Amino acid sequence: MKIARFWANGQVGIGIVEGEEIWECDERLQKTQVLWYMDEVKLLAAAAPSKVVCVGRNYAEHAAELGNEVPKSPLLFLKAPSSIIAGGDNIIIPSQSSQVEHEGELAIVIGRRAKDIGDDENALKYVLGYTCLNDVTARDIQRADVQFTRGKSFDTFCPIGPFVETELDVSDVRVTCSVNGEIRQDGRTSQMVFPIEFLVRYISLQMTLMPGDVIATGTPSGVSKLEPGDVCEVTVEGIGTLKNAVSTA
Ligand code: ZN
């Protein structure tokens with residue numbers, strides 16, 4: 001099923017998407033009697049995580065295009081939750097950067113608290129589902145700083161959505177990112193250096209994953225600069241398209 005977070009009647013709702021309809025749910029994701037139509041609500045970011053854990057250099061060709069080696073174990077960093085926006089919201093280029101780039105990614109949304117997942121346990125049982133994420137990056141700032149926090153965490157730098165898809169085999173799906181309709185990134189999740197199940201287990205050994213937490217699984221090659229007026233779309237096969245326009249502050 002597809003799960004949406006939305007704003008309607010002055011509050012946040014969670015619902016199951018069926019075509020143009022959204023059935024509002026309780027916190028256990030059971031349908032209520034409340035039905036909304038897509039054009040009656042504002043879709044929010046598909047997750048409201050306590051943290052966004054990102055995996056750097058998880059596609060060999062992307063590591064190479066930035067002049068980096070593929071790491072021996074997953075390279076983790078965090079994006080500030082305050083950088084999260086929904087599809088349809090604008091990515092705002094901050095005055096501090098002259099090189100803001102898109103990174104289209106498959107994102108994992110955690111369903112159950114996960115800590116120290118054992119080698120004999122299926123890590124995917126802690127996953128609620130999957131969505132699209134744009135790991136927007138101020139590349140000049142990322143390069144200038146010792147670590148990634150500032151270049152990855154400006155407000156609006158983390159579009160997530162449009163929905164969380166709960167029944168998708170993501171071992172080999174296409175991930176694309178286009179700018180103004182032209183495809184710039186085009187990869188498959190089967191090209192990941194560290195696959196999904198490995199990542200969830202590995203991260204659970206470093207920090208407790210909470211329900212709603214998001215893991216951005218890395219970006220294929222083809223990252224490029226965004227300009228004001230651009231429209232950037234991240235599409236994951238089987239999930240949908242996350243679309244954001246770009247503007248200045
Ligand atoms: Zn990334």
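**Domains, zinc site and cores of a predicted model**

Eleven residues of domain 1 are in contact with 13 residues of domain 2. These two parts come from the domain assignment of the chain, which places domain 1 at residues 1-44 and domain 2 at residues 46-248. Taken over C-alpha atoms, the centres of domain 1 and domain 2 are 24 Å apart. The model described here is a predicted one, and a reader new to it may find it helpful to begin with the metal site and then move outward to the strands and cores.

The zinc ion is held by three residues, E103 (OE), E105 (OE) and D135 (OD), with coordination distances of 1.9 to 2.1 Å. Along the sequence, the spacing of these donor residues follows the pattern E-x1-E-x29-D. E103 and E105 are both buried.

E103 also takes part in salt bridges. General chemistry offers a simple background here: side chains of opposite charge can pair when their charged atoms come close. One partner of E103 is R139, with the closest N and O atoms 2.9 Å apart. This pair links distant parts of the chain, since E103 sits in the loop between β10 (100-101) and β11 (104-110), while R139 belongs to helix α2 (residues 139-144), 36 residues apart. Both E103 and R139 are buried. A further salt bridge brings together the side chains of K152 and E103, at 3.3 Å from N to O. K152 lies in helix α3 (residues 149-152) and E103 in the loop between β10 and β11, so this pair ties together parts that are 49 residues apart in sequence. K152 is buried, as is E103. Through shared partners, salt bridges join K79, E101, E103, D135, R139 and K152 into one network. D135 and E103 thus appear both in this network and among the residues that coordinate the zinc ion.

The structure holds 18 salt bridges in total. Another of them, between the side chains of K31 and E18, has an N to O distance of 2.8 Å. Here, too, distant parts of the chain are linked: K31 is in strand β4 (residues 31-37) and E18 in strand β2 (residues 11-18), 13 residues apart. K31 counts as partly exposed because its relative accessibility is 43%. E18, at 37% relative accessibility, likewise counts as partly exposed.

Attention now turns to strand β14. Eight of the eight residues of strand β14 (residues 158-165) are buried, so the strand is largely enclosed by the rest of the structure. Strand β1 (residues 2-8) runs antiparallel to β14 and is joined to it by two bridges; K2 has E165 in β14 as its bridge partner. Strand β8 (residues 84-85) runs parallel to β14, again with two bridges, and the bridge partner of I85 in β14 is P159. Strand β12 (residues 127-134) pairs with β14 in the antiparallel sense over three bridges, and C132 stands opposite G161 of β14.

The nonpolar interior can be described next. In soluble globular proteins, nonpolar side chains tend to be buried together. The largest nonpolar core in this model has 42 residues, of which L106, I108, Y130, V200, L209 and I215 touch the most other members. At least two residues of this core come from each of β6 (52-56), β9 (91-93), β11, β12, β15 (174-179), α4 (196-206), β18 (231-236) and β19 (240-248). The most is given by α4, with four residues. I108 illustrates the packing: leaving out residues up to four places away in sequence, I108 touches V127, G129, Y130, I196, V200, D213, V214, I215 and T217. A second, separate core of 17 residues includes I3, C158, V214 and A216.

A216, one of the residues in that second core, lies in strand β17 (residues 214-216). Is A216 buried or exposed? With 0% relative accessibility, A216 counts as buried. Beyond its neighbours within four places in sequence, A216 is in contact with V53, C54, V55, E105, L106, A107 and L133. Two residues in this list have already been met: E105 coordinates the zinc ion, and L106 belongs to the largest nonpolar core. The C-alpha atoms of A216 and E227, eleven residues apart along the chain, lie 23 Å from each other.

Notes:
Residues numbered from 1 in each chain as written. Predicted model: local features only at pLDDT ≥ 70, side-chain atom pairs only at ≥ 80, totals over all residues. Heavy atoms only, no water. Buried < 20%, exposed > 50% of the residue type's maximum accessible area, 1.4 Å probe, protein only. Contact = heavy atoms within 4.5 Å. Donors = N, O, S within 2.8 Å, 3.2 Å for Na, K, Ca; no water. Salt bridge = Lys/Arg side-chain N within 4 Å of Asp/Glu carboxyl O. Pairing = 2+ DSSP bridges. Core = buried A, V, L, I, M, F, W, Y, C linked by side-chain atoms within 4.5 Å. Domains from an automatic or database assignment.
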